[in-house]
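Hello,

Here is the structure I promised to pass on to you. Please open it beside this message, and my notes on what turned up follow below.

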Amino acid sequence: MACGNLPRSPPVGIALRGDSISRESAMVSAHRRAVRMLPFALLGVLGCGDGMEVAIPFEARVGSEPFACGRIYTGVGTTGTTYEPMDLRVYLHDVRLVTADGIEVPLKLEQDGRWQTRGTALLDFADKAGLCTNGTQATNLRITGTAPEGTYTGLRFKLGVPETQNHLDVSTAPSPLNDTSLYWGWRSGYLFTRIEGRTKGLPEGHVMHLGSTDCAPPPEGQTNGTAGCTFGNRPEVALDSFDLASGKVVLDLGALFSGSNLDENAEVPNTSVGCMSQQADPDCAPVFSRMGLTHRSQELAPGPQAFIKAE
């Protein structure tokens with residue numbers, strides 16, 4: 001029953017019997033009304049319309065092994081190379097819970113002043129150990145927010161920063177959008193993912209930086225921002241079997257790189273070692289596919305994304 005439609009408690013009355021007053025009947029009637037109204041009274045105490053608090057944990061892995069800076073993993077990519085983490089941070093936004101009927105209900109992210117702001121969250125799995133010298137010592141392995149009371153069986157969100165926030169002035173943006181190590185100054189936009197690691201064949205490091213590309217200059221009269229990007233590159237993640245009470249979301253670098261040769265870099269002029277979302281870089285194609293994107297196209301990949309799963 002909606003809060004605005006709660007039944008009003010009838011006024012406490014007194015039963016009349018002719019010219020006499022039955023105080024006993026009045027007391028019984030009042031007691032019964034009080035018992036009937038008790039659940040609604042409790043509802044008011046607990047808060048009407050506040051919804052329920054939600055905390056969703058995230059975990060990073062490399063295949064079956066937990067991700068940790070300072071470790072060395074084996075059997076990664078098409079060559080089965082070694083992989084030593086250097087960074088792992090991911091932005092996400094547009095978080096929705098899904099009912100059994102397929103109805104999407106937005107999760108209102110808490111604005112905590114550090115990891116979440118204006119519907120965008122930063123997941124940080126890198127803690128300065130080993131080769132992870134970027135970012136901070138602190139990590140963030142969950143998102144928190146509120147949603148209407150209900151039964152939910154799925155979770156959906158988008159990787160990256162929404163277009164309305166993607167070209168902010170990083171020097172004045174609120175945390176976590178104020179991290180210059182997650183901002184492409186030469187593209188005036190954020191790195192949606194910063195995934196880096198040293199491999200046997202690429203000792204200086206292989207990078208996977210996802211972000212919007214082919215962005216137009218700022219509109220006339222503006223000094224920052226863009227008139228639009230041809231390739232938004234914001235993958236949709238749909239986890240349609242997710243237990244909100246006990247489930248977690250797993251990011252698997254082993255699955256992300258399963259079709260990539262991390263020991264070699266494609267010899268294409270003006271491209272990075274690994275993938276920085278450039279349309280001319282063939283190294284981007286296999287990781288884009290596993291993220292649910294099609295390289296050099298606005299269309300979704302033929303198959304579902306394989307990078308992120310629910311457990």
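Asn 140 touches Trp 115, Leu 122, Leu 123 and Asp 124, once its neighbours within four places in sequence are set aside. Please keep in mind that this is a predicted model. Asn 140 belongs to the loop between strand S10 (120-124) and strand S11 (142-147). With a relative accessible area of 9%, Asn 140 falls under the 20% limit and therefore counts as buried. A polar atom of the Asn 140 side chain sits 2.8 Å from the backbone oxygen of Leu 122.

Another asparagine may interest you too. Asn 166 is in the loop that runs between strand S12 (152-159) and strand S13 (183-184). Its relative accessible area is 1%, so Asn 166 is buried. What does the side chain of Asn 166 have a polar atom 3.0 Å from? The partner is the backbone nitrogen of Tyr 190. Asn 166 and Tyr 190 are 24 residues apart along the chain, and their C-alpha atoms are separated by 5.9 Å. Beyond its neighbours within four places in sequence, Asn 166 has contacts that include Val 161, Tyr 183, Ser 188, Phe 192, Ser 212 and Arg 234.

The loop between S12 and S13 also holds Thr 180 and Pro 176. Thr 180 has 58% relative accessibility and so counts as exposed. From C-alpha to C-alpha, Thr 180 is 9.8 Å from Leu 191, which is eleven residues away in sequence. As for Pro 176, a cis peptide bond links it to Ser 175, with omega at about 10°.

Some backbone angles are worth a look as well. Most residues other than glycine have a negative phi, and most peptide bonds are trans. Asn 270 is not a glycine, yet has a positive phi of about 65°; Ser 277, also not a glycine, has a positive phi of about 70°. Are these two residues buried or exposed? Asn 270, in the loop between helix H2 (253-256) and strand S21 (274-275), is exposed because its relative accessibility is 75%. Ser 277, in the loop between S21 and helix H3 (284-290), is buried because its relative accessible area is 0%.

Now for the interior. The largest nonpolar core contains 61 residues, and those with the most contacts inside it are Ile 56, Phe 58, Ile 143, Phe 157, Val 249, Leu 253 and Phe 257. Strand S6 (residues 81-99) supplies the largest share of this core, seven residues. Leaving out residues up to four places away in sequence, Phe 257 touches Val 76, Gly 77, Thr 78, Tyr 83, Ile 195, His 206, Met 208, Leu 262 and Val 287.

There is a pocket to look at, too. The largest one has a volume of about 160 Å³. Ten residues line this pocket, and the closest to its centre are Glu 236, Gly 292, Gly 303, Pro 304 and Gln 305. By type, the lining has six nonpolar residues, three polar and one charged.

Last, the overall view. The protein chain has 311 residues, of which 43% are buried. Three helices and 22 strands make up its list of secondary structure elements. Of the contacts between residues at least 6 apart in sequence, 64% join residues at least 24 apart.

Best wishes

Terms used. Residues are numbered from 1 along each chain as its sequence is written. This is a predicted model: local features need pLDDT of at least 70, side-chain atom pairs count only at pLDDT 80 or more; totals for chains, interfaces and linings use all residues. Side-chain values use heavy atoms; hydrogens and water are left out. Helices (H or I, at least four residues) and strands (E, at least two) are DSSP runs, numbered from the N terminus. Buried means under 20% relative accessible area, exposed over 50%, partly exposed in between (1.4 Å probe, protein chains only). Contact means heavy atoms within 4.5 Å. A polar contact is a pair of N or O atoms within 3.5 Å; within protein, one must be able to donate a hydrogen and the other to accept it, and residues adjacent in sequence count only if both atoms are side-chain atoms. On a 1 Å grid over the protein atoms alone, a cavity is a set of points where a 1.4 Å probe fits but cannot get out, and a pocket is an open set with protein on both sides within 12 Å along at least five of seven lines; lining residues have an atom within 4 Å of a point. Grid points are joined across faces, edges and corners, and a volume is the space filled by probe spheres set on the points. Ala, Val, Leu, Ile, Met, Phe, Trp, Tyr, Cys and Pro count as nonpolar, Asp, Glu, Lys and Arg as charged, and the others, Gly among them, as polar. A nonpolar core is a set of buried Ala, Val, Leu, Ile, Met, Phe, Trp, Tyr and Cys residues joined through side-chain atoms within 4.5 Å.
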